Amino acid sequence: MTARLVVLVSSAGTNLQALLDACADPAYGAAVVAVGADRHGIEGLARAERAGIPTFVAQVSDFSSREHWDRAMADKVAAFEPDLVISAGFMKLAGAHFLERFGGRYINTHPALLPSFPGMHGPRDALEYGVKVTGCTLFVVDEGVDTGVILAQSVVPVEDDDDVDALHERIKVAERAMLVDTVGRMAREGFRVEGRRGILGA
Ligand code: GRF
């Protein structure tokens, strides 16, 4: 059975593109059935349109409260009956209602080695701290900010002459590979959570 993926994006969508490319092979075991965003006019949505995949947008500013937005987002995602919902550079925190519906199958990729450098500026914060290695983390989203159970991590060196953009681009190369590899395994083999441990395979 092919796993149904709904991918949420807020910007360039290179992680989305990596998934789209992987899904072109039926042996991968998953298909992107829809792409959602919190804003219009982004390359992530254009990538989905070029691939012929349905898109939807819910902007926080179009709703009377964050809670209404959260419910609308959950409804739009639910309409595509996903097995997995993937935040791939989606720059909004899911609310209680969204997590009630998709908790345990809503995953996020973060450009740092959690629990170090959570939040919006993982690459910048790692660079400012002066760590010699950083990386990326795929985790199951919970109520906290980047606190969920970890499914995969990949290590990336920090070079002496890095600026934030150079470091983030190097992380994103590792991030795309981690995402494609892990989502494929989750789709084909399943996964489970035991306490703080995310374990791939049945
Ligand atoms: C990724 O590094 C993601 O972890 C971060 O923003 C970046 C999104 O890149 N939150 P893209 O839109 O997939 O190219």
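What does the accessible surface of the chain come to, and what percentage of it belongs to carbon and sulfur atoms?

**Figure 1. Overall view of the chain in the predicted model.** The accessible surface comes to about 9,500 Å², and carbon and sulfur atoms hold 52% of this area. Along the principal axes, the C-alpha trace extends over about 45 × 40 × 35 Å. The secondary structure consists of 6 helices and 9 strands. With a radius of gyration of 16 Å, close to the 17 Å given by the globule rule for 202 residues, the chain is as compact as a globular protein of that length. Of the 202 residues, 47% are buried. Among contacts with a separation of 6 or more, 60% are between residues 24 or more positions apart.

**Figure 2. Close-up of the packing of helix H5 against helix H6.** Helix H5 spans residues 122-129, and helix H6 spans residues 164-189. The two helices pack at an angle of about 120°, and their axes lie 9 Å apart. The crossing of H5 past H6 is right-handed. On the H5 side, the contact is made by Pro123, Arg124 and Leu127, while H6 contributes Val164, Leu167, His168 and Ile171. Classified by type, the residues of this contact comprise 5 nonpolar, 1 polar and 1 charged.

**Figure 3. Close-up of valine 183 in helix H6.** Is this residue buried or exposed? Valine 183 has a relative accessibility of 0%; because buried means under 20% relative accessible area, the residue counts as buried. Setting aside residues up to four places away in sequence, valine 183 touches Leu5, Leu19, Tyr28, Leu84, Ile86 and Ile107. One of these partners, isoleucine 107, is 76 residues away along the chain, and its C-alpha atom is separated from that of valine 183 by 9.4 Å.

**Figure 4. Close-up of glycine 198 in strand E9.** Strand E9 covers residues 197-200 and includes glycine 198. Which residues are in contact with glycine 198, leaving aside its neighbours within four places in sequence? They are Val149, Ile150, Leu151 and Arg192. A further distance concerns valine 57, which lies 141 residues from glycine 198 along the chain. The C-alpha atoms of glycine 198 and valine 57 are separated by 30 Å.

Note on methods. Residues are numbered from 1 along each chain as its sequence is written. This is a predicted model: local features need pLDDT of at least 70, side-chain atom pairs count only at pLDDT 80 or more; totals for chains, interfaces and linings use all residues. Side-chain values use heavy atoms; hydrogens and water are left out. Axes are lines fitted to C-alpha atoms, for helices over the stretch in contact, and angles run from 0 to 180 degrees between N-to-C directions. Helices (H or I, at least four residues) and strands (E, at least two) are DSSP runs, numbered from the N terminus. A crossing is left-handed if the near helix is turned anticlockwise from the far one by less than a right angle, and right-handed if clockwise. Contact means heavy atoms within 4.5 Å. Ala, Val, Leu, Ile, Met, Phe, Trp, Tyr, Cys and Pro count as nonpolar, Asp, Glu, Lys and Arg as charged, and the others, Gly among them, as polar. The radius of gyration is taken over C-alpha atoms; the globule rule is 2.2 Å times the number of residues to the power 0.38. Buried means under 20% relative accessible area, exposed over 50%, partly exposed in between (1.4 Å probe, protein chains only). Accessible areas come from the Shrake-Rupley method with a 1.4 Å probe; for residues, only the protein chains shown count as cover.
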